[in-house]
Amino acid sequence: SSSYNRRVALKMFQYYGYNAYLSDRLSLDRSIPDLRPEGCRNITYPLNLPQVSIVFIFVNEALSVILRSIHSAINRTPSQLLKEIILVDDNSNNNELKEKLQDFVSETNSQRPGFIKMVRHTKQEGLIRSRVSGWRAATAPVVALFDAHVEFSVGWAEPILQRIKEDRTRIISPSFDNIKYDTFEIEEYPLSAQGFDWELWCRYLNPPKSWWHQGNRSAPIQSPALIGCFVVDRLYFEEIGLLDEGMEVYGGENVELGIRVWQCGGSVEVLPCARIAHIERAHKPYTEDLTSHVRRNALRVAEVWMDEFKSHVYMAWNIPVEDAGIDIGDISERKALRKRLQCKTFRWYLVNIYPEMRMYSDTIAYGVLKNSLKNELCLDQGPDNDNVPILYLCHGMTPQNVYYTSTQHLHIGLLSPTVDDDDNKCLVDVNGRPRLIECSYAAAKRMKLHWLFTQGGSIQNKKSKRCLELVVSSDNEFGYQLALQKCTGQKWFISNVLFNKHQR
Ligand SMILES: [Mn+2]
């Protein structure tokens with residue numbers, strides 16, 4: 001019955017993070033729209049391009065989704081260029097990935113011996129070591145490392161293989177479109193470079209101005225980092241240090257690779273003519289708490305690669321730079337790698353490769369901000385669409401992030417990662433009321449956004465002389481509300497004070 005089918009479909013959705021019930025009913029050989037920009041279709045490529053091994057990694061993925069990834073790889077890669085397909089099963093526990101997948105592999109290999117290789121982990125190693133396992137099994141001169149929930153667009157391989165043939169130190173990402181997790185329709189994404197924020201979550205970026213100025217939509221887009229799937233010269237990948245295998249589960253490895261390749265003499269680019277559709281799952285299958293793994297991996301990147309900017313990562317995660325209480329594992333090998341490759345500084349990388357990244361070097365204190373009158377309450381940005389800061393029970397998540405700068409600004413909430421999204425909120429005295437206003441706007445309008453504050457002291461507006469204080473309020477569920485008033489000597493404490501040597 002249809003209500004039975006709906007229940008099955010819902011269960012499958014909850015398990016996989018996409019509509020696997022629908023996927024099981026779609027053709028494995030379906031075509032997807034050709035979304036390449038103008039100019040890509042009439043490029044001719046040399047006949048002697050290097051061969052590629054395509055690696056698909058997965059854990060508890062729907063069989064039909066894996067098979068569609070494989071079918072589309074075979075259907076849309078010129079057969080003389082596709083040497084082999086490598087499947088890395090990161091210790092999945094769903095049964096259809098055992099016998100049924102093995103049957104498919106055996107049948108394919110009976111016609112083309114050794115064409116599909118199967119690597120199975122006997123314990124879960126996470127996405128990062130899974131990609132490296134796939135690379136280890138690969139034998140073609142070029143390796144493409146992908147998730148197993150993708151569909152290749154026509155002509156995806158040739159432009160990538162040509163760019164790598166020209167220069168083996170280029171690491172290439174295709175341009176991504178989205179396969180909608182509920183309907184499996186293809187959604188076109190705008191052409192983008194790939195970067196990250198200060199927590200080191202990856203994000204799409206508007207391509208650099210120089211690219212727009214060329215006026216050629218098929219030209220490679222220089223990219224600060226990688227979203228996660230990429231194509232690389234097999235031996236160069238080893239020379240440059242593979243991925244950081246000391247990272248666990250998920251996240252950060254793509255950012256680390258991008259930073260490392262640039263700092264150590266290679267480059268990263270996204271090719272508009274190579275397009276791949278990818279399912280952005282509603283949730284990921286690895287673990288309940290991805291965030292703690294992403295954070296740990298991010299701290300490894302900060303400690304090995306970011307020099308004096310490592311504090312930015314700690315600030316973004318709102319944890320102390322010293323004694324954060326997070327075991328990031330052994331990083332001595334990665335530090336030795338950096339030394340051996342004689343890599344450039346992170347400052348060089350920021351200035352030359354990722355100028356869109358916003359620097360916060362003027363931050364002198366950060367964390368949650370508490371008043372000694374009521375220790376369990378924290379300053380909080382309040383409801384999203386409001387500009388009124390509030391007091392709320394301390395939870396230490398993004399809405400309670402506070403940053404105090406040497407320019408005497410108090411930023412509340414998320415730090416904008418790039419210079420393009422100019423939406424940092426500053427605490428401002430607006431007619432005697434505390435308000436949150438975009439810092440750049442408040443500065444341009446010469447509003448009262450400068451505050452005098454030292455640890456354990458008052459927070460006093462430099463111009464109005466009013467202090468940010470707590471006043472008793474019976475309407476408020478916590479018994480207090482924020483006010484700007486004549487200073488009575490209330491004391492404020494912020495979790496982390498940076499002793500910045502430029503400060504003195
Ligand atoms: Mn994915």
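## Ground rules and the lectin stretch

Helices here are DSSP runs of H or I at least four residues long, strands are runs of E of at least two, and both are numbered from the N terminus. Keep in mind that this is a predicted model.

With that in hand, let's look at residues 366-495. An unreviewed UniProt entry gives this stretch the feature "domain: Ricin B lectin". In the model, residues 366-495 are 42% strand and 5% helix. The C-alpha atoms at the two ends of this stretch sit 6 Å apart.

## Helices H9, H10 and H11

Two packed helices are described by the angle between their axes and the distance between those axes. Let's start with H9, residues 253-263, and its partner H10. Their axes come within 9 Å and cross at roughly 15 degrees. Angles under 35 degrees count as roughly parallel, so H9 and H10 are roughly parallel to each other. The crossing of H9 past H10 is left-handed. On the H9 side, the contact uses Glu253, Val255, Glu256, Ile259, Arg260 and Gln263, while H10 brings Asn297, Val301 and Trp305. Sorted by class, the residues in this H9 and H10 contact are four nonpolar, two polar and three charged.

H10, residues 290-305, also packs with H11, residues 310-317. Here the angle is about 160 degrees, and the axes are 8 Å apart. Because angles over 145 degrees count as roughly antiparallel, H10 is roughly antiparallel to H11. H10 passes H11 in a left-handed crossing. From H10, the residues making the contact are Arg295, Ala298, Leu299, Ala302 and Glu303, and they meet Lys310, Val313 and Trp317 of H11. This contact has five nonpolar and three charged residues, with no polar ones.

## Helix H6 and what covers it

Next up is helix H6, which spans residues 157-166. Its buried residues are Ala157, Pro159, Ile160, Leu161, Arg163 and Ile164. So what covers them? Several strands take part, including S1 (52-58), S4 (142-147), S6 (170-179), S11 (230-233) and S12 (267-279).

## Val143 in strand S4

One of those covering strands, S4, is home to Val143. A residue is buried if 20 or more other C-beta atoms lie within 10 Å of its own; Val143 has 26 such neighbours, so it counts as buried.

Which residues does Val143 touch, leaving aside neighbours within four places in sequence? The list is Val52, Ser53, Val55, Trp135, Ala138, Val232, Arg234 and Phe237. There is also a link between distant parts of the chain: Val143 and Ile54 are 89 residues apart in sequence, and their C-alpha atoms are separated by 6.0 Å.

## Two residues with positive phi

Val249 is not a glycine, and its phi is positive, near 60 degrees. You'll find Val249 in the loop between helix H8 (234-239) and H9. Is Val249 buried or exposed? Val249 is buried, since 21 other C-beta atoms lie within 10 Å.

Lys465 is another non-glycine residue with a positive phi, this time about 70 degrees. Lys465 is in the loop between strand S21 (459-461) and strand S22 (467-472). Lys465 has 13 C-beta neighbours inside 10 Å, so it counts as partly exposed.

Technical notes:
Residues are numbered from 1 along each chain as its sequence is written. This is a predicted model: local features need pLDDT of at least 70, side-chain atom pairs count only at pLDDT 80 or more; totals for chains, interfaces and linings use all residues. Axes are lines fitted to C-alpha atoms, for helices over the stretch in contact, and angles run from 0 to 180 degrees between N-to-C directions. Angles under 35 degrees count as roughly parallel, over 145 as roughly antiparallel, 65 to 115 as roughly perpendicular and the rest as oblique. A crossing is left-handed if the near helix is turned anticlockwise from the far one by less than a right angle, and right-handed if clockwise. Two residues are in contact if their C-beta atoms, placed from the backbone, lie within 7 Å. Ala, Val, Leu, Ile, Met, Phe, Trp, Tyr, Cys and Pro count as nonpolar, Asp, Glu, Lys and Arg as charged, and the others, Gly among them, as polar. UniProt positions are given in the numbering used here, feature names are shortened, and annotations may be inferred rather than shown by experiment. A residue is buried if 20 or more other C-beta atoms lie within 10 Å of its own, exposed if 12 or fewer, and partly exposed in between; C-beta atoms are placed from the backbone.
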